[in-house]
Amino acid sequence: MVQEAVRVYARVKPLGRRQQAGIYSVDNDEESLSSLEIVVPHDLADGFVNNKRESYRFKFQKIFDQEAKQDVVFDSIAKPVAECVLAGYNGTVFAYGQTGSGKTFTITGGAERYSDRGIIPRTLSFVFDQLRKDSSKVYTTHVSYLEIYNECGYDLLDPRHEASRLEDLPKVVIMEDPDQNIHLKNLSLQEATSEEEALNLLFLGDTNRMIAETPMNQASTRSHCIFTIHISSKEPGSATIRRSKLHLVDLAGSERVAKTGVGGHLLTEAKYINRSLHYLEQVIIAVAEKNRSHIPYRNSMMTSVLRDSLGGNCMTTMIATLSIDKRNIDESISTCRFAQRVALIKNEAVLNEEIDPRLMIVQLKKEIQELKDELVLVTGKQRTSELSQEELLQLDELIEAFLEDNDPDSTLDVGADMHKIKYCFTRIKQLMNHSKISDKKLISQHISEEKDTNKESGGEELKRLKELLQQRDNEINILVNMLKKGKKTAGDAPFQVNAASAGCTVLEHSLPINLEENRGPSSCSSMKQAKDFSSSVHRLPFLSRQTGGKMSLGCQEAFEVFKRDRADSIIIEDNKKLLKQRFAEAKCLGEKLNEVRNKINHLKGEITQRRIQRAALAVSSPSEELNMLDPVEEKLRMQIEEEKQSYKTMFNHLKGLKVEIEHLELLIEKVKMKLQKDFEMWWSEEAINLQVQQEKSEMVSAPDTVTVHPQFIRSSQHLSTNSFSETTRVSPNEDPAGKNNSTTSSSPTLRTRTPPSSSVPLTGDSKADTDILAFIKARQNILQKKGLGNK
């Protein structure tokens, strides 16, 4: 990389016949920079008090006075840049100055004499002369000619330029790639194999340039022109190719419209020219500032094209053309100031080398073939570009076996053939897509079936609930009828009974009901109704199992008492504690496995990093030590093996814990089922024993009594539970109703107290009172068996 500032030169144009020379002096010092001093004497028309500067001094690399020849200008300015371009660097030479100061003459040259040739034809001659002399490399040369007219780009080498209007020609468009490299669309690159072809292209472009007559110049160029020479060089047999380009720029001349007095189309052209030169100055000022974050290259097309030339990868030279005339002395000073700003720009030129893609393709193909041959020698199998039918069938079988295998550690081994690997991936992807489509169809079909099933099951559930409700209504009606008939038989005193509350009490506390009827015509019907009620009640436990299988509240309490001292419940608790311990061990072991896995991945990453470092070190400084085994890498490998061994041990332990946990869960479930079955058997035995005892006592006390035994059913969904709230034991001689009525029973007499909201006084009838007291007695017996008799 070469870093240097932009070289700035100055050239003074010879004066015409009618021009008055300004005062200036040139000091060309060979040891240091040349200086140009311009003197502007005070004008008496401005008054006696005039503080304007009279002397302006500017520094240049070299100043060419009016007598300077074209060959001297070329040797000093363009020749060093052309030599750098031949060496592989980018270069730019551009001329800047006001209209009529000699820019086009310096860059392109005059057409009258051969010695007036400018920088572009002399550069072409020099370049092709050097290419002929250097036979050690193969050179390719292309040229392009771009015109920027009114901020629009045109290709001057387009053959349609002469026969078409300017508006009909395709415009050159600036395009930028992600690396911020500029590409010009619709700009042709013409190959030039000789100096003659290149000069013909130059003359063709000069013929197509926009030229107009102005007050300052009879043949003024009204556009910016950039002539570019593209050179590529390559040594025979080498993969490296050098590409460089040389921009030779002829800028349009700036002018003061107020002084020239142009109008119409010339005024429009002058506005575009001055604006583009203004943007050029903004870019130069921005590049010269050190801390400037943004440089406005995109403001104009010219600055975009010359981005590399201004602060980029290029060796740039500027020549400032001056017209030292009294009328133009101010413009000449402005041009010198612009040149001083350009001199502050520093470019970083880089040697443009790249690998020839065509040669690289040939080398890669050769390397691929060599690797294929080596692979055939190692494997002993000839590889082809396509798989045979037998290989495809074999791969399909392997894929099918791999997908059906439930082992998570199973692998699909197809060898080191990329064709087989790609086929396996493609085949698995096809199978996955096919399964997704079939799954979607199955899901939609399953959803439709579920909807139909839900409709059917909903209808069945509604029908079953209606039947259950009708059954409950029948039971309540039977109980109400029995109580009403008992009340009619008594006939002496009113028997106020809340039938719904009594029925609910029966169903809520699951107690046997003893109903005694007077002997008479109504006893048969009462017996029949009682039998119907008993049969319906006996069916209820089975219905409850069918409708959900949940225990009633009384059954749950009995189950808690039942399992309290059972050995099965102790086994369940012990197994739960052991299961909890095994879960904790499995969780801790899983965390350790994750830590070991992370450590193994970390060690593998260190090995990869170590290999990358050794490979980079081998490229930079190859030695025999680097070809030996790395002790650090071997140590890391040993650590990985140790961690893998510990990982396998812990993983096997975890698998054992998993089997033990599953076994414990199965044992707990079996013991729970056994405990539940034992409770159901005990529950049914207790119900039968209670029924037998009650029947025996009733047969002894009252042979005509009808007994109904609901089997411990608790139902509070339709009935009130406030019929009987308390029971107290009284002496046999006490009058329970405040009257001289006595009850006959084999057990102590019970008196019932009810809250005011549901009062149930005794009727005075011995038969009905006996039924009520028998009902309360049975309830008290059950409460005593549960240990609640004293509460």
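**Entry 1: the loop after β8**

I started with Glu-151, which sits in the loop between β8 and β9. This is a predicted model, so I keep that in mind for everything below. What is the phi of Glu-151? I found it near 65°, a positive value in a residue that is not glycine. Next I looked at Asn-150, which lies in the loop between β8 and β9 (152–155). Asn-150 also has a positive phi, about 55°, although it is not a glycine. I noted both because most residues other than glycine have a negative phi.

Is Asn-150 buried or exposed? Its relative accessibility is 18%, and buried means under 20%, so Asn-150 counts as buried. Glu-151 comes out at 24% relative accessibility, and therefore counts as partly exposed.

**Entry 2: a cavity that touches this loop**

I then looked up the cavities. How many are there of 30 Å³ or more? The count comes to five. I picked the second largest, with a volume of about 50 Å³. Its lining includes my two loop residues, Asn-150 and Glu-151, along with Ile-148 and Tyr-149. Arg-222, Ser-223 and His-224 line this cavity too, as do Glu-269, Tyr-272, Ile-273 and Ser-276. Two elements, β8 (138–149) and α6 (265–288), each give two or more residues to this lining.

Which element gives the most? That is α6, with four residues. I sorted the lining by character and got four nonpolar, four polar and three charged residues.

**Entry 3: helix α6**

With α6 on my page, I checked its length. The helix has 24 residues and spans 35 Å from its first C-alpha to its last, close to the 34 Å expected at 1.5 Å a residue. Which residues of α6 are buried? Among them are Glu-269, Ile-273 and Ser-276, which I had already met in the cavity lining. Further along, Leu-277, Leu-280, Val-283, Ile-284 and Val-287 are buried as well. I jotted down a reminder that residues three or four places apart in an α-helix point the same way, because there are 3.6 residues a turn.

**Entry 4: a three-stranded sheet**

Last, I turned to an open sheet of three strands in the order β3-β4-β5, with antiparallel pairing. Its edge strands are β3 (23–27) and β5 (55–60), each pairing on one side only. Neighbouring strands here are turned by 15° against each other on average, ignoring direction. I followed β4 (residues 34–39) against β5 and found six bridges in the antiparallel sense. Which residue in β5 is the bridge partner of Leu-36? It is Phe-58.

How values were computed: Residues numbered from 1 in each chain as written. Predicted model: local features only at pLDDT ≥ 70, side-chain atom pairs only at ≥ 80, totals over all residues. Heavy atoms only, no water. 1 Å grid on protein atoms, 1.4 Å probe; cavity = no way out; pocket = protein on both sides within 12 Å on 5 of 7 lines; lining within 4 Å. Points joined across faces, edges and corners; volume = space filled by probe spheres on them. Nonpolar A, V, L, I, M, F, W, Y, C, P; charged D, E, K, R; others polar. Expected span 1.5 Å × (residues − 1). Buried < 20%, exposed > 50% of the residue type's maximum accessible area, 1.4 Å probe, protein only. Pairing = 2+ DSSP bridges. Axes fitted to C-alpha atoms, helices over the stretch in contact; angles between N-to-C directions.
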